[in-house]
Amino acid sequence: MSSVTEQSKLTAAPSIKIEFRLNGIPQKRDVPVNWTLLRLLRDDLGFLGTKCGCEIGECGACTVLFDRRAVNACLVLAPQIDGAEIWTIEGLAEPGAARLHPIQEAFIKYGAVHCGFCTPGVVMSVLALLLENKNPDEEEIKSALAGNLCRCTGYKQIIDAVKSAAESIGAEDLVKFGVNAGGRK
């Protein structure tokens, strides 16, 4: 090979066209088949709230909603989201809203943000929990957060924030995620 460009063409992964909704907005992208959802979100789309932590599915810093389920974006290949609904921390509060989402407000009120690195992933796991169970008990909260590691705390403030959010969240706070006024999709 005579040039780096020719070599990179030979080693570049093939691309695939995908369509999906990101934070409620339709997207069309041509992505390499070996890209993860994490790489697509951060490197291509600029959604930096989804953190790059361990990249092996252990820390939960990259947690997003994939069709209303909490997933580690580092473990999902970008082509897998074709036709899916993806929500990141950036889509939680309405753009230009006068207030944050009740989950975010509760995290601030209870001091559950600490250094903040894990917070977006934790918040998205909490959202997934509350989409399925409006009134979780402490064990259900702990189970939902089992995949999210926080190095700053013993989780008490986070659990207290989740309990508060569950009490204050209304159907209007969940409707854009596919939950109707009756509480379910």
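Is E55 buried or exposed? With a relative accessible area of 52%, E55 is exposed, and the views below, all taken from a predicted model, start with this residue.

**View 1. E55 in the loop between α2 and β3.** Here we look at the stretch that runs from α2 (37-44) to β3 (63-66), where E55 sits. Its backbone deserves a glance: E55 is not a glycine, yet its phi is positive, at about 65°. For context, most residues other than glycine have a negative phi. E55 counts as exposed because its relative accessible area of 52% is over the 50% cut-off.

**View 2. H114 in the loop between α3 and α4.** Another positive phi turns up at H114, this time about 45°, and again the residue is not a glycine. H114 belongs to the loop that ends at α4 (119-132). What is its exposure class? H114 is partly exposed, with a relative accessible area of 30%.

**View 3. T88 and its surroundings in the loop between β5 and α3.** T88 follows β5 (85-87) and lies in the loop that leads to α3 (102-109). Its relative accessibility is 0%, so T88 counts as buried. Which residues does T88 touch, leaving aside those up to four places away in sequence? They are L22, N23, L41, F47, T50, V64 and M124. Close along the chain, the side chain of T88 also makes a polar contact of 2.7 Å with the side chain of E90.

**View 4. The largest pocket.** This pocket has a volume of about 190 Å³. Its lining includes the cysteines C54, C59, C115, C118, C150 and C152. Also in the lining are G53, A61, F117, L149 and R151. By class, nine of the lining residues are nonpolar, one is polar and one is charged.

**View 5. The second largest pocket.** About 150 Å³ of space lies here. The lining draws on L92, A93, E94, A97, R99, L100, H101 and P102, together with E172, D173, V175 and K176. Sorted by class, these residues come out as six nonpolar, one polar and five charged.

**View 6. Residues 181-185 and model confidence.** The protein averages a pLDDT of 91, and 90% of the residues score at least 70. Over residues 181-185, however, the pLDDT is below 50. This stretch has twelve contacts in the model beyond near neighbours in sequence. Please view such contacts with care, because predicted coordinates should not be read in detail where pLDDT is low.

Note on methods
Residues are numbered from 1 along each chain as its sequence is written. This is a predicted model: local features need pLDDT of at least 70, side-chain atom pairs count only at pLDDT 80 or more; totals for chains, interfaces and linings use all residues. Side-chain values use heavy atoms; hydrogens and water are left out. Helices (H or I, at least four residues) and strands (E, at least two) are DSSP runs, numbered from the N terminus. Buried means under 20% relative accessible area, exposed over 50%, partly exposed in between (1.4 Å probe, protein chains only). A polar contact is a pair of N or O atoms within 3.5 Å; within protein, one must be able to donate a hydrogen and the other to accept it, and residues adjacent in sequence count only if both atoms are side-chain atoms. Contact means heavy atoms within 4.5 Å. On a 1 Å grid over the protein atoms alone, a cavity is a set of points where a 1.4 Å probe fits but cannot get out, and a pocket is an open set with protein on both sides within 12 Å along at least five of seven lines; lining residues have an atom within 4 Å of a point. Grid points are joined across faces, edges and corners, and a volume is the space filled by probe spheres set on the points. Ala, Val, Leu, Ile, Met, Phe, Trp, Tyr, Cys and Pro count as nonpolar, Asp, Glu, Lys and Arg as charged, and the others, Gly among them, as polar. pLDDT is the predictor's confidence in each residue, from 0 to 100.
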